[in-house]
Amino acid sequence: MAVHRASAPLDLASLFGEYPFLPGAESLLHDPSWTVRALLEDPAYASARSLGRARILAAADDPRAVRNVAEFAGAPPDLRYLSFLFARLVLACATTPAALRRWAVAESKRASSRLETLRGTEQSAEIEAVAERLQAPLRSGPDGMEVGLVEYVRLATPIREADFRLVRQDLRAGVVVVRPKRAARLLEEAIRRTLAEPVAVNAEVVALVRSRESELLADVAARMPLPTARAAAGGGTLRPELFPPCIRKMRRTLQKGENLSHAGRFALAAFLHRVGADTETIVDSYRGAPDFDESITRYQVEHITQRDGGVGYEPPECETLRSHGLCARDGDPTADDPKDRERDPRCFDERMRHPLMYYRWRGGSVVERRDAPPVTSPGVGPGTPRPPGRSPSTGPR
Ligand code: SF4
């Protein structure tokens, strides 16, 4: 992780260079002839494009590690800003919505990483400067950083660390007082939400980006994590090509950035856990959801998979999935792959009653439950845990 050291308050240009997502950062552009097309094509902007690509690829590899971007060293604020613009523009045109969300996590962590390593008044002043421009509800107070109760709950809800629970906060007359380090973490959440929203781009620009940056976009898509088996799953290999039609369709739905029902989200997480996927793989499956929220998804996935000491919830049976319109045995006419468009005869075998059975029949390995209970699927009715991927502000969970 990059370690930042700053010894003096940032001037405005440097502030915008460090936090290029702030309103006002466009003042760094000195060339009045600047256009989106020029940023994408003009040799004068080659350095900005190169740095922008580095930003994107670092995030694609691992958004949580905040890999240091070597190209940042010595880059002036205007170049940093242009590279940020380039990255945001390209990711708005990517066919994999997960790439934008991973990048939003990486950029917000980069910002909070810098804020957390500052000290004293310098730290408070910089947090306040960023928060104010971002219109995030954090202000300096006599005893620390202050945030209104409602805003605190909104920002802290997705953060899982116990130290952020409201009962542990210093609450004074409707205001929560936090130390700067904690304020930086709250601000990270506000930044991530801002960046995870795709910018509006017209069809002409989308076509231009996709043609000029096709190699980069293909590289990003290839770097999106492949399903990974967790170590405790007994060493079996995940084989997505053997997943049943229903699960394959659920994954495609999310990858296309479309909404998947409550029941489908639950079934997908429970299924992936039982075939040995690790938490990161399961969380990544939801990155394409239109209402994806990193922290909340992580929390909900863990809730589904960690029940009974890691046994997890049993995925719903075929009959339950059929009753929710999630069975895809007749084929999916919208699928790109011809195989997915076809009817699957295995699913019409009278013995077929569970997606895990399908996977096992085809040679996939399923993590057996230690207690070997009868199938006790909680179904998808009352009592079903919250499905992953939904933010609290968007519909039922
Ligand atoms: S029959 Fe069962 S395994 Fe096959 S698609 Fe339908 S729900 Fe899935």
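**Exercise 1. At what angle do helix α12 and helix α14 pack, and how far apart are their axes?**

This is a predicted model: local features need pLDDT of at least 70, side-chain atom pairs count only at pLDDT 80 or more, and totals for chains, interfaces and linings use all residues. Residues are numbered from 1 along each chain as its sequence is written.

Solution.
- Step 1. Locate the helices: α12 covers residues 262-274 and α14 covers residues 294-305. Helices (H or I, at least four residues) and strands (E, at least two) are DSSP runs, numbered from the N terminus.
- Step 2. Fit the axes. They are lines through C-alpha atoms, for helices over the stretch in contact, and angles run from 0 to 180 degrees between N-to-C directions.
- Step 3. Read the result: the angle is about 60° and the axes are 9 Å apart. That makes α12 oblique to α14. The classes are roughly parallel under 35 degrees, roughly antiparallel over 145, roughly perpendicular from 65 to 115, and oblique for the rest.
- Step 4. Add the hand: α12 and α14 cross in a right-handed way. Right-handed means that the near helix is turned clockwise from the far one by less than a right angle, left-handed that it is turned anticlockwise.

**Exercise 2. List the residues where α12 meets α14, and classify them.**

Solution.
- Step 1. Apply the contact rule: C-beta atoms, placed from the backbone, lie within 7 Å.
- Step 2. From α12 come Phe-266, Ala-269, Ala-270 and His-273; from α14 come Val-301, Ile-304 and Thr-305.
- Step 3. Sort them: five are nonpolar, two polar and none charged. Here Ala, Val, Leu, Ile, Met, Phe, Trp, Tyr, Cys and Pro count as nonpolar, Asp, Glu, Lys and Arg as charged, and the others, Gly among them, as polar.

**Exercise 3. Describe the shell around the ligand.**

Solution.
- Step 1. Use the cut-off: a residue is near a molecule if its C-beta atom, placed from the backbone, lies within 6 Å of it.
- Step 2. The shell holds Pro-244, Pro-245, Cys-246, Cys-318, Leu-321, Cys-327, Ala-328, Arg-329, Cys-347, Met-352, Pro-355 and Tyr-358.
- Step 3. Assign helices: α11 (245-255), α16 (318-323) and α18 (355-361) each supply at least two shell residues.
- Step 4. Count classes: eleven nonpolar, no polar and one charged.

**Exercise 4. Place Arg-329 of the shell in the fold.**

Solution.
- Step 1. Arg-329 sits in the loop between α16 and α17 (338-341).
- Step 2. Arg-329 counts as partly exposed because it has 19 C-beta neighbours inside 10 Å. The scale: buried at 20 or more other C-beta atoms within 10 Å, exposed at 12 or fewer, partly exposed in between, with C-beta atoms placed from the backbone.
- Step 3. Beyond its neighbours within four places in sequence, Arg-329 contacts Pro-245, Arg-343, Asp-344, Cys-347 and Phe-348.
- Step 4. Arg-329 and Pro-245 are 84 residues apart in sequence, yet 5.9 Å apart C-alpha to C-alpha.

**Exercise 5. Examine the phi angles of Gln-135 and Ala-173.**

Solution.
- Step 1. Recall the rule: most residues other than glycine have a negative phi.
- Step 2. Gln-135 has a positive phi of about 60°, and Ala-173 one of about 50°.
- Step 3. Gln-135 lies in the loop between α6 (120-134) and β1 (139-141). Ala-173 lies in the loop between β3 (170-172) and β4 (175-178).
- Step 4. Gln-135 counts as exposed, with 9 C-beta neighbours inside 10 Å. Ala-173 counts as exposed with 5.

Terms used: Contact = placed C-beta atoms within 7 Å.
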